[in-house]
Amino acid sequence: MIEIENVRKSFGQLEVLKGINLTVQKGEVLTIIGGSGSGKSTLLTCINGLEDIDSGRIVVDGTDVHAKGTDLNKLRRKLGIVFQQFNAFPHLTVLENVMLAPVKVLGQSKAEAEAMAVKQLTHVGLGDKLKVYPSRMSGGQQQRMAIARALAMSPAYMLFDEVTSALDPQLVGEVLDTLRMLASEGMTMICVTHEMKFAREVSDRVAFFHKGVMAEIAPPEELFGAPKDPELKTFLAATH
Amino acid sequence: MFSYNFHWNQAFKALPQMLDGALVTLQIALLSMAIGLVVALALTLFRLSGNRILNGFATVWVEIARNTPALFQIYMAHFGLGSFGIHLSPYTALLVGIAFNNAGYLAENFRGALKAIPETQTRAGRSLGMTPLQAFRYIVMPQMLRIAFLPATNQMVWAILMTSLGVTVGMNTDLAGVTQALNAVSFRTFEFFALAAVIYYVIAKAVTLAARLAATRMFRY
């Protein structure tokens, strides 16, 4: 369970999170929508401790992320995150990309890590690209590799930060299909996205962020069907 | 004005001796590069550490190495340290001086290379649970070494040529030292130094070529 309690965060003068309260249950798929600068991506990087927070608390399975004694390296093993940029490690093959962290961080044997990597890469449809370097792959393939790389750590939660935003339109589908598959398998996921159709399909709940505030949160049929917040109405009208 | 009679025979007879000297030259250059590389990596980590003292130390090293004559650096290693009771042999002093110079230049190479690697690479590594050092070691460093590899071969050539400065601290077993000794007893300055120059040239070219070949084999991405 991820518990977010009254989280505030500023970059200099700009307050990007103005007291966010949110709880994500195990097995839940939550999508976060909203305009750019609404704070949604920042929240994800705060959850895995890549960013500090100014006040409030984020608790993952009982561990306070930003408490002094928290071992963030250990905590991050259970919080997989995939970014807008694919961040493929260009000097490693696809297989090596996925094997690296399980071997170096989890201390798995090469054989063990390879078996897991092959399994995850096959899962995302890259079973025939094991020996290929990322530079030879499309953006969609690189992004699916990044997903497999995160999954190879056997995380309890997956955070997706606008993972299709840097992709050519024709490549968006293959990545969203991968996310749908994970959702159907019961993975706990928080997806920041601009893909409204996707959000409507896969989410248990959808949250709308506006200027650092969570303006509305509801099941998709309710949030898209009968939006209450005026800003949300404007946002949805603009995205249709 | 141009009445000089060339005596190439004397020089060619001494060729085996000079080639032995060339081996010593190559050995010092290689060793100084190996030491320089390790120190440069350490200096790079110091600069990335965010610690002001470590960063200052690295910056001072790089500044001195790159902005003072290599000759002075070797002099300091031999005569300078000698003033404090630390007596290095000509061989060791030459090695230390060149390694000092190499480390400074290589650290600066690395710094340039690091700028070409997006910050998001480190972020991706940290997100997978790596420590900062692990992210550097397994993700950033391999990419940095690739980018810095060809510029570093320039430093290797420079290191080979710098070994000739060893004659000023009494080095007499490397190519320049052997050549100087032969010159002293024969006064065939032009012939001996011309031949030595050709040998330096061939070594330098061979190293550059070998590095290019190695690069195509090592970096397949």
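Hi everyone, let me begin with chain B, which has 9 helices and 0 strands. Please keep in mind as we go that this is a predicted model. If you walk along chain B from the N terminus, the elements simply read α-α-α-α-α-α-α-α-α. Put a box around the C-alpha atoms of chain B, along the principal axes, and that box comes out at roughly 75 × 45 × 30 Å.

Now, what does the record say about this chain? An unreviewed UniProt entry annotates residues 22-46, 147-172 and 192-215 of chain B as "transmembrane region". Let's look at two of those spans in the model. Residues 192-215 of chain B are 100% helix and 0% strand, with the end C-alpha atoms 35 Å apart. Residues 147-172 of chain B are 62% helix and 0% strand, and there the end C-alpha atoms lie 37 Å apart.

Next, a pair of helices in chain B. When two helices pack, we describe them by the angle between their axes and the distance between those axes. Here the pair is helix α7, residues 132-162 of chain B, and helix α9, residues 189-218 of chain B; their axes come within 10 Å and cross at roughly 160 degrees. An angle over 145 degrees counts as roughly antiparallel, so α7(B) is roughly antiparallel to α9(B). The crossing of α7(B) past α9(B) is right-handed.

Which residues make that contact? From α7(B) we have F149(B), L150(B), T153(B), M156(B), V157(B), I160(B) and L161(B). Facing them from α9(B) are Y200(B), I203(B), A204(B), V207(B), T208(B), A211(B) and A215(B). Sorted by class, the contact of α7(B) with α9(B) has 12 nonpolar residues, 2 polar and no charged ones.

Let's move over to chain A. The unreviewed UniProt entry has the annotation "domain: ABC transporter" on residues 2-236 of chain A. Over residues 2-236 of chain A, the model is 37% helix and 26% strand, and the end C-alpha atoms are 27 Å apart.

Let me take the strands of chain A now. In a sheet, strands pair through backbone hydrogen bonds, and they do so either parallel or antiparallel. One open sheet in chain A has 4 strands in the order β2-β1-β4-β5, with antiparallel pairing. Its edge strands, each pairing on one side only, are β2 (14-24) and β5 (63-64) of chain A. If you'd like a place to zoom in, strand β4, residues 55-60 of chain A, pairs with β5(A) in the antiparallel sense over 2 bridges. There, V59(A) stands opposite D64(A) in β5(A).

Another open sheet in chain A has 6 strands, ordered β6-β7-β8-β3-β9-β10, and its pairing is mixed. The edges of this one are β6 (79-82) and β10 (213-218) of chain A, each of which pairs on one side only. From one strand to the next, the twist averages 15 degrees. Within this sheet, strand β3 (residues 29-34) and strand β8 (residues 188-192) of chain A pair in the parallel sense over 4 bridges. The bridge partner of T31(A) in β8(A) is C191(A).

A helix sits against this sheet too: α5(A) packs on it, touching β6 and β7 (157-161) of chain A. The direction of α5(A) makes about 170 degrees with that of β6(A).

And α5(A) has a helix partner as well. Helix α5, residues 139-151 of chain A, packs with helix α6, residues 169-184 of chain A, at an angle of about 15 degrees, with the axes 8 Å apart. Since angles under 35 degrees count as roughly parallel, α5(A) and α6(A) are therefore roughly parallel to each other. Their crossing is right-handed.

On the α5(A) side, the contact uses G139(A), G140(A), Q143(A), R144(A) and I147(A). On the α6(A) side, it uses L171(A), E174(A), V175(A) and T178(A). The residues of that contact divide into 3 nonpolar, 4 polar and 2 charged.

Last stop: how do the two chains meet? In this model, 20 residues of chain A are in contact with 17 residues of chain B. On the chain A side, the elements giving two or more residues are α2 (72-75) and α3 (94-104) of chain A. The largest share there, 3 residues, comes from α3(A). By class, this side of chain A divides into 10 nonpolar, 6 polar and 4 charged residues.

Thanks for listening, everyone!

Key: Residues numbered from 1 in each chain as written. Chains lettered and ligands numbered in written order. Predicted model: local features only at pLDDT ≥ 70, side-chain atom pairs only at ≥ 80, totals over all residues. UniProt positions renumbered as here; feature names shortened; annotations may be inferred. Contact = placed C-beta atoms within 7 Å. Nonpolar A, V, L, I, M, F, W, Y, C, P; charged D, E, K, R; others polar. Axes fitted to C-alpha atoms, helices over the stretch in contact; angles between N-to-C directions. Parallel < 35°, antiparallel > 145°, perpendicular 65-115°, else oblique. Left-handed = near helix turned anticlockwise from the far one by under 90°. Pairing = 2+ DSSP bridges.
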